[in-house]
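This report walks through one protein model for a reader who has not met it before. Please keep the sequence and the 3D view open while reading.

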Amino acid sequence: IILAIISKYLEEKNRLNKNTLVATVMSNLGLTKYSKDNNINLEQTKVGDRYVLENMLKNGYNLGGEQSGHIIFKDYQNTGDGLFSALQLLSVMLEENKSLKQLSEDLFIYPQLLVNMPVKDKQTVLEDQEVNALIQKIGDELGNNGRILVRPSGTEPLLRVMVEAETDELCHKYVYQVSLLFP
């Protein structure tokens, strides 16, 4: 929510460098749609604030972050700082004279379910035709109102399965379908 509100505010004040926000692939689909609706370019990176910062430095962007709350305000610092993010949000609320609810009323945060699935060989599962066919089928069923993302953990023998959909029930349904295929 903070990234969305601040990116819109900076864009309106012509202070969002190259009219672009940087976020990871795990960012909520609501942020993607919100950015598009507000004419803000959204560049997505691999998971990790180091990838967000790398993209920002390479391309001259000044705002980026992760869903986890690591938000980088490049005009001020090179790392995320929760307290600084809160102060920036409060500053926007004061300047706009609006509550958080008012500032976020046109932002829909999609329900999201992330499940870690232990596997023996991440690459074998990721290359499995049956797994990929199901992922494609789920993606097609979700259409523009959800998504599925299956990615390997960078640190553990896990695949991370994330589903976003219009309801929690749909998230659970699709994660469960994928889990049945994992050895």
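What follows describes the sheets, the helices that go with them, one loop residue and the salt bridges of this predicted model.

**The mixed sheet**

An open sheet is built from four strands in the order β2-β1-β3-β4, and its pairing is mixed. Its edge strands are β2, residues 41-45, and β4, residues 71-73, each of which pairs on one side only. On average, neighbouring strands of this sheet are turned by 20° against each other, direction ignored.

The pairing can be followed strand by strand. β1 and β2 run parallel and are joined by five bridges. In this pair, Leu21 stands opposite Leu42 of β2. Strand β3, residues 63-65, runs antiparallel to β4, and three bridges join the two. Here Gly64 has Ile72 of β4 opposite.

**Helix α2 and its surroundings**

The parallel strands β1 and β2 also belong to a β-α-β unit: together with α2 they make a right-handed one. At the start of α2, the backbone nitrogen of Gly30 has a side-chain oxygen of Asn28 within 2.7 Å. After α2 comes Asn39, with a positive phi near 55°.

Which residues of α2 are buried? They are Leu29, Gly30, Leu31, Tyr34 and Ser35. These buried residues pack against α1, β1, β2, α5, β6 and β7. The list thus includes β1 and β2, strands of the mixed sheet, as well as β6 and β7, strands of the second sheet described below.

Ser27 is placed in the loop between β1 and α2. Is Ser27 buried or exposed? Its relative accessibility is 3%, so Ser27 counts as buried. Leaving aside residues up to four places away in sequence, Ser27 touches Gly65, Gln67, Arg147 and Glu164. Of these contacts, Gly65 falls within β3, residues 63-65, Arg147 falls within β6, residues 147-152, and Glu164 falls within β7, residues 158-164.

**The antiparallel sheet**

A second open sheet has three strands in the order β5-β7-β6, with antiparallel pairing. The edge strands are β5 and β6, the latter spanning residues 147-152, and each pairs on one side only. From one strand to the next, the twist averages 15°.

Seven bridges pair β5 with strand β7, residues 158-164, in the antiparallel sense. Asn116 has Arg160 in β7 as its bridge partner. Helix α8, residues 168-179, packs on this sheet and touches β5, β6 and β7; its direction makes about 15° with that of β5. Helix α7, residues 129-142, lies across β6 and β7 and runs at about 150° to β6.

**Salt bridges**

How many salt bridges does the structure hold? There are six. The table gives three of them, with the distance from N to O.

| Acidic residue | Basic residue | N to O distance |
|---|---|---|
| Asp106 | Lys8 | 3.5 Å |
| Glu95 | Lys13 | 3.6 Å |
| Glu156 | Arg160 | 3.6 Å |

In the pair of Asp106 and Lys8, the side chains meet in a salt bridge. Asp106 lies in the loop between α5 and β5, and Lys8 in helix α1, so this pair ties together parts that are 98 residues apart in sequence. Asp106 itself has 43% relative accessibility and therefore counts as partly exposed.

The side chains of Glu95 and Lys13 also meet in a salt bridge. Why does this pair tie together parts that are 82 residues apart in sequence? Glu95 lies in helix α4, residues 82-96, whereas Lys13 lies in the loop between α1 and β1. Glu95 counts as partly exposed because its relative accessibility is 47%, and Lys13 counts as partly exposed at 37%. Both residues are linked with Glu96 in a network of salt bridges.

The salt bridge of Glu156 and Arg160 brings back a residue of the second sheet, since Arg160 is the partner of Asn116 in the strand pairing. Within this salt bridge, Glu156 is partly exposed, with 39% relative accessibility. Arg160 is buried, with a relative accessible area of 14%.

Terms used: Residues are numbered from 1 along each chain as its sequence is written. This is a predicted model: local features need pLDDT of at least 70, side-chain atom pairs count only at pLDDT 80 or more; totals for chains, interfaces and linings use all residues. Side-chain values use heavy atoms; hydrogens and water are left out. Two strands pair if DSSP finds at least two bridges between them. Axes are lines fitted to C-alpha atoms, for helices over the stretch in contact, and angles run from 0 to 180 degrees between N-to-C directions. A salt bridge is a side-chain nitrogen of Lys or Arg within 4 Å of a carboxyl oxygen of Asp or Glu. Buried means under 20% relative accessible area, exposed over 50%, partly exposed in between (1.4 Å probe, protein chains only). Contact means heavy atoms within 4.5 Å. A crossover is right-handed if, with the strands pointing away from the viewer, the path from the first strand over the helix to the second runs clockwise. A polar contact is a pair of N or O atoms within 3.5 Å; within protein, one must be able to donate a hydrogen and the other to accept it, and residues adjacent in sequence count only if both atoms are side-chain atoms.
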